[in-house]
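Got the viewer open? Let's take a walk through this one, a few selections at a time.

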Amino acid sequence: MASKKYDIIVIGGGHAGCEAAMASARIGCKTLLITMNADTIGLMSCNPAIGGLAKGQLVKEIGALGGCMAKAADATLIQFRRLNTSKGPAVRSSRAQVDRKAYRLYIQSLVEGQDGLSIKEAAVDRILIKNGCIDGVATTLNETIYGKTVVVTPGTFLNGLIHIGLEHSEGGRIGERPSGKMANSIKDIGFRMLRFKTGTCPRLDGKTINFEGLREQKGDDEILPFSFQTGKLKKGQLSCYITHTNKRTHEIIKSNLDRSPLFSGVIKGTGVRYCPSIEDKVFRFPQRDSHHIFLEPEGMNTTEYYPNGISTSLPLDVQIEIVHSIEGLERAEITRPGYGIEHDVIESTQLYPTLEAKHVRGLYFAGQINGTTGYEEAAAQGLVAGINAALAIKGRPPLILDRSQSYIGVLLDDLVTKGTNEPYRMFTSRVEYRLILREDNADIRLAPIGHNLGLVSEARHKKVLDKMALIEQEKAGLSEKQMQYLRRPGVSYRAMADLFGQTVAQDEDVMEQVEIDIKYDGFIKRQAAEVARFDRIERIKMPDAINYEDIHGLSKEIKEKLSGAKPITLGQASRISGVTPAAISILMIYLEKVRRCASHTTTTTPT
């Protein structure tokens, strides 16, 4: 069969794969998306929600850079809530219930309609390497497809093993076959692998749920879009409902732990610490008599509900018993069982911050294969991997977002510098400069970068620049007395303006920015100074050909760590586990000597 050639081949049609493929095609690269099932492109495998604590920030940043997830969430949301509104702006996060089917169809329409992007339904058997560089892929259809770069985004399909009770079957999702040969190909290339575990909840028939007596959770009156390109949103919202497990539920779980693959030793993979199964929660927190369950609608045109909080891999008969022990679910019918799934991941420290492999040029990894959990983390990685694969094709400098620029930068730096020995989930507590890296200013921070990449239009970029100018204009027009009044707790910018008879901008975003800038001025300046100190060490590049064995004063262990990690900046080197401040000082002295020698050689070389 004749071979075909592409600039970029993306393996996998989940959240990471779709962002990678769309970004690379929009930058102008001939892109192929290979998926085992074209009908599941953009599918939400777990809960029908986008955003949440720290995840909302990721989605806003994806949108600001020109990615797809933010627009898709706005187009298909069925409930919106802003979390942590009683707390400071640094930790406020947006979350939306979305229509699962509509979301998938929206993403599919984007992918199928994108110029320069082709779709192929096939399974990849092997990743082809030639002279240490990517060469393409081989599929189960006996095709060899050549690519200058390849982005691997297989989700949970690498040697996926599904567990329901003590029975297990191979699969990447329930009812879908796994990818074993590609997993072996990745190992053969020389990647170190780990085994992680995740899971999902049973789905329930809403017609069999008794909502009377359950606490209703409505959406916010005002919907704040995830995408800065989306205008005001006015649409009907569906309610969620809150119920709880109880002592009877916990007794059922405890009496059936011997039938749990998690507790019987059948599951070997490391699970998600911050989103454990219900049996794990009951075991780890025996002092608690109940746990929250959020009944989340799956869409506008379905009666199915997702009982967020009872992820489980217990047998189906036990799942039924658990569900029936819960208030409101006494007669609820399970439409699809919950299950646990084990899958292979790579050790993410084998990647550069661009998400390119350190020992195979042109090979990128994104999503759950890097050890993360969550749609938002996957999409953020896919976007960055797709961008960098395209920039490599175009001969342009790579995109490297650092910790002072974005939540995405923190996510990537954590993965490639520190690695993870358990499924990684984003939290605001991981972000040192979160007062600066807020949801509300993601467009100001990142839209100029997206515009430079070609992912944000000229018109959209101009709107951001105009917004920035208007913010400064509003701030400049405030008197010291007005600013002092605005700094009082509970005083809004509009209330201050009304009191002083001042005309204000009608743009709510502008008013919010001005209010935050004034109220938190001292804290923001302090964090800006911290960022400046961070940037000084982050700008010091490590030479490509550096040999750590030649640097006197470093311990053998630290030399091994640095040689293996291959940090690209001194800042990244400082965050490698086990690399001491004393070692960083030695490196700074060494790099200064190298710089002086290079400078001396340049100035004394005859012309």
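Which residues do ring pairs link into a cluster? Select Phe-211, Tyr-241 and Tyr-305: ring pairs join them into a cluster.

Before moving on, a word on what you are looking at. This is a predicted model, with local features needing pLDDT of at least 70 and side-chain atom pairs counting only at pLDDT 80 or more, while totals for chains, interfaces and linings use all residues. Residues are numbered from 1 along each chain as its sequence is written, and side-chain values use heavy atoms, with hydrogens and water left out.

**Stop 1: the rings**

The count comes to seven aromatic pairs (rings of Phe, Tyr and Trp, the last by its six-membered ring, with centres within 6.5 Å; planes under 30 degrees apart are stacked, over 60 edge-to-face, the rest tilted). Zoom in on Phe-211 and Tyr-241: the ring centres are 4.6 Å apart and the planes sit at 45 degrees, so this pair is tilted. Phe-211 is in the loop between β13 (203-205) and β14 (215-217), and Tyr-241 is in strand β15 (residues 240-244), so the pair links distant parts of the chain, 30 residues apart. (Helices, H or I with at least four residues, and strands, E with at least two, are DSSP runs numbered from the N terminus.) Colour by accessibility and Phe-211 comes out partly exposed at 22%, whereas Tyr-241 is buried at 17% (buried is under 20% relative accessible area, exposed over 50%, partly exposed in between, using a 1.4 Å probe and protein chains only).

Now jump to Tyr-485 and Phe-500. Their rings are edge-to-face, 5.9 Å centre to centre with 70 degrees between the planes. Tyr-485 belongs to helix α13 (residues 480-486) and Phe-500 to helix α14, so the pair ties together parts 15 residues apart in sequence. Both residues are partly exposed, Tyr-485 at 22% and Phe-500 at 31%.

**Stop 2: around β17**

Go back to Tyr-305 and show strand β17 (residues 304-308). Four of its five residues are buried, so β17 is largely enclosed by the rest of the structure. Add β13, which pairs with β17 in the antiparallel sense over two bridges (strands pair if DSSP finds at least two bridges between them). Here Leu-204 stands opposite Tyr-305. Then add strand β16 (residues 292-297): β16 and β17 pair antiparallel over four bridges, with Leu-295 opposite Pro-307. These two strands form a hairpin with six residues between them.

**Stop 3: another hairpin and an open sheet**

Select β7 (residues 124-130) and β8 (residues 133-139). They run antiparallel, joined by six bridges, and Leu-128 has Gly-136 as its bridge partner. Two residues lie between the strands of this hairpin, where Asn-131 takes a positive phi near 55 degrees.

Next, show the four strands of an open sheet, in the order β11-β10-β19-β12 with antiparallel pairing. Its edges are β11 (167-170) and β12 (193-200), each pairing on one side only. Inside the sheet, three bridges join β10 (residues 161-164) to β19 (residues 339-346); Ile-162 finds its bridge partner in Ile-341.

**Stop 4: the empty spaces**

Switch on a surface. How many cavities of 30 Å³ or more are there? The count is three, and the largest has a volume of about 50 Å³. (On a 1 Å grid over the protein atoms alone, a cavity is a set of points where a 1.4 Å probe fits but cannot get out; a pocket is an open set with protein on both sides within 12 Å along at least five of seven lines; lining residues have an atom within 4 Å of a point.) Among the residues lining the largest cavity are Phe-228, Asp-443 and Arg-460. α2 (55-65) and α11 (442-453) each give two or more residues to this lining.

Finish at the second largest pocket, with a volume of about 1200 Å³ (the space filled by probe spheres set on the points, which are joined across faces, edges and corners). Of its 43 lining residues, the closest to the centre are Glu-222, Leu-224, Glu-508, Asp-509 and Glu-512. Highlight α15 too: the largest share of the lining, seven residues, comes from this helix. Colour the lining by class and you get 14 nonpolar, nine polar and 20 charged residues (Ala, Val, Leu, Ile, Met, Phe, Trp, Tyr, Cys and Pro are nonpolar; Asp, Glu, Lys and Arg charged; the others, Gly among them, polar).
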